[in-house]
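Open the model in your viewer, keep the selection box handy, and let's walk through it together.

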Amino acid sequence: MIHISETLMLQTVEEFLTEEEISRLVKIMDSEAAWWRPRHQAEVLPAPATAQEVLGEATLRALPAIRRSMPSIAGSGHWGYTELAVGQGVPTHLDGISSPRTPPRRIGRIGVTIADAAEGGRFYIETTSDSAPWTDTLLGAADGYEPGTPMSRSLPHGPAAHEQTPQWLSAPRKSRWLTDAGPGVAVAYGAQVIHGVTPVLRGRVRKFVADLVDTAAA
């Protein structure tokens with residue numbers, strides 16, 4: 001059964017991608033997406049099949065490490081690709097658990113950069129004891145969760161969903177935790193973790209992201 005702690009977890013996989021795999025992914029995206037630039041912050045482009053293959057193999061290698069802290073995770077969804085240029089970041093947001101009662105459930109997210117910004121563009125999480133991010137919904141054993149598992153609110157993904165942080169999330173006092181994971185290091189985090197990316201000051205972030213789900217891919 002899914003435990004609340006899994007949806008609030010933060011886990012890194014330091015050797016998620018090898019140097020050779022990073023180089024391959026850079027070449028793939030230079031070839032397949034040289035024309036593409038995000039129209040808005042946090043826009044994600046579906047990764048091409050060649051990149052999906054590399055990232056899928058990396059995910060299988062990383063599952064034992066991820067499952068130590070998130071045992072309900074069975075695999076990842078399809079990977080997407082995004083970029084952040086100077087002045088761009090990802091405002092504080094909360095993904096939440098889509099289809100909480102129907103597999104495949106999004107228990108977490110995972111991201112890995114293939115190029116970091118020279119300055120800025122750092123992934124962060126925020127924690128708070130405030131009740132504002134939470135709904136009144138409680139799930140139980142019949143839903144596939146430990147009894148009494150609370151559900152957070154969420155920001156739906158869309159063209160302008162992450163342009164700014166909503167009042168219900170920006171108002172509570174929070175503590176921010178910045179990561180310094182470099183290229184090739186995967187950051188896995190629960191779907192009910194508040195997070196974002198600081199604005200890029202110099203350079204460009206190139207990153208792949210995917211859902212972590214409780215049902216293995218067919």
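Start by selecting phenylalanine 208, which is buried, with a relative accessible area of 0%. This is a predicted model, so everything on the tour is read from predicted coordinates.

**Stop 1: the aromatic pairs**

Keep phenylalanine 208 selected and look for rings around this side chain. The structure holds 4 aromatic pairs. In one of them, tyrosine 81 and phenylalanine 208 come together in a tilted arrangement, 5.2 Å centre to centre with 55° between the planes. Colour the chain by residue number and you will see that this pair links distant parts of the chain: tyrosine 81 belongs to strand S4 (residues 80-84) and phenylalanine 208 to strand S15 (residues 205-213), 127 residues apart. Is tyrosine 81 buried or exposed? Tyrosine 81 has a relative accessible area of 0%, and therefore counts as buried, the cut-off being under 20%.

Now add phenylalanine 123 and tyrosine 189 to the view. They form another tilted aromatic pair, with 5.0 Å centre to centre and 40° between the planes. This pair too links distant parts of the chain, with phenylalanine 123 in strand S8 (residues 123-127), tyrosine 189 in strand S12 (residues 186-190), and the two positions 66 residues apart. Both phenylalanine 123 and tyrosine 189 are buried.

Before leaving the rings, select Trp36 together with Tyr81 and Phe208: ring pairs link these residues into a cluster.

**Stop 2: the nonpolar cores**

Switch to a sphere view for this stop. Which residues have the most contacts inside the largest nonpolar core? They are Phe16, Leu17, Leu25, Trp79, Ile110 and Phe208, in a core of 38 residues. Helix H1 (19-32), helix H2 (49-69), strand S6 (106-115), S12 and S15 each supply at least two residues of this core. H2 gives the most, with 8 residues.

Centre on isoleucine 110 next. Leaving aside residues up to four places away in sequence, isoleucine 110 touches a long list of residues, including Phe16, Ile66, Trp79, Tyr189, Phe208 and Leu212. A second, separate core has 11 residues, among them Leu84, Ile125, Tyr189 and Val193.

**Stop 3: strand S6 and its partners**

Go to cartoon view and highlight S6. This strand is mostly covered, as 9 of its 10 residues are buried. Towards S15, 8 bridges join the two strands, which run antiparallel. Click arginine 109 and look across to S15, where aspartate 211 stands opposite. S6 is also joined to S12, by 5 bridges and again antiparallel. Here, the bridge partner of isoleucine 110 in S12 is alanine 188.

**Stop 4: the four-stranded sheet**

Show S5, S13, S8 and S11 together. In that order they make up an open sheet of 4 strands with antiparallel pairing. Why is one side of S5 and of S11 left without a neighbour in the sheet? Strand S5 (90-94) and strand S11 (175-178) stand at the edges and each has a single partner strand, so one side of each is left without a neighbour. On average, neighbouring strands of this sheet are turned by 25° against each other, direction ignored.

Zoom in on S8 and S11, which run antiparallel and are joined by 4 bridges. Glutamate 126 stands opposite arginine 176 in S11. Stay on arginine 176 and show its side chain: the charged end sits over the ring of tyrosine 124, 3.7 Å from the ring centre.

**Stop 5: the loop between S5 and S6**

Select proline 104, which is found in the loop between S5 and S6. A cis peptide bond joins proline 103 and proline 104, with omega at about -5°. The loop between S5 and S6 also holds serine 99. Check the backbone there: serine 99 has a positive phi of about 40° although it is not a glycine. With a relative accessibility of 35%, serine 99 counts as partly exposed.

**Stop 6: serine 152**

For the last stop, jump to serine 152 in strand S10 (residues 149-152). Serine 152 is buried, with a relative accessible area of 11%. Which residues does serine 152 touch, not counting those up to four places away in sequence? Show Leu94, Gly96, Pro133, Trp134, Thr135 and Gln192 to see these contacts.

Key:
Residues are numbered from 1 along each chain as its sequence is written. This is a predicted model: local features need pLDDT of at least 70, side-chain atom pairs count only at pLDDT 80 or more; totals for chains, interfaces and linings use all residues. Side-chain values use heavy atoms; hydrogens and water are left out. Buried means under 20% relative accessible area, exposed over 50%, partly exposed in between (1.4 Å probe, protein chains only). Contact means heavy atoms within 4.5 Å. Rings of Phe, Tyr and Trp (its six-membered ring) pair if their centres lie within 6.5 Å; planes under 30 degrees apart count as stacked, over 60 as edge-to-face and the rest as tilted. A charge sits over a ring if NZ of Lys or CZ of Arg is within 6 Å of the ring centre and within 35 degrees of the ring normal. A nonpolar core is a set of buried Ala, Val, Leu, Ile, Met, Phe, Trp, Tyr and Cys residues joined through side-chain atoms within 4.5 Å. Two strands pair if DSSP finds at least two bridges between them. Axes are lines fitted to C-alpha atoms, for helices over the stretch in contact, and angles run from 0 to 180 degrees between N-to-C directions.
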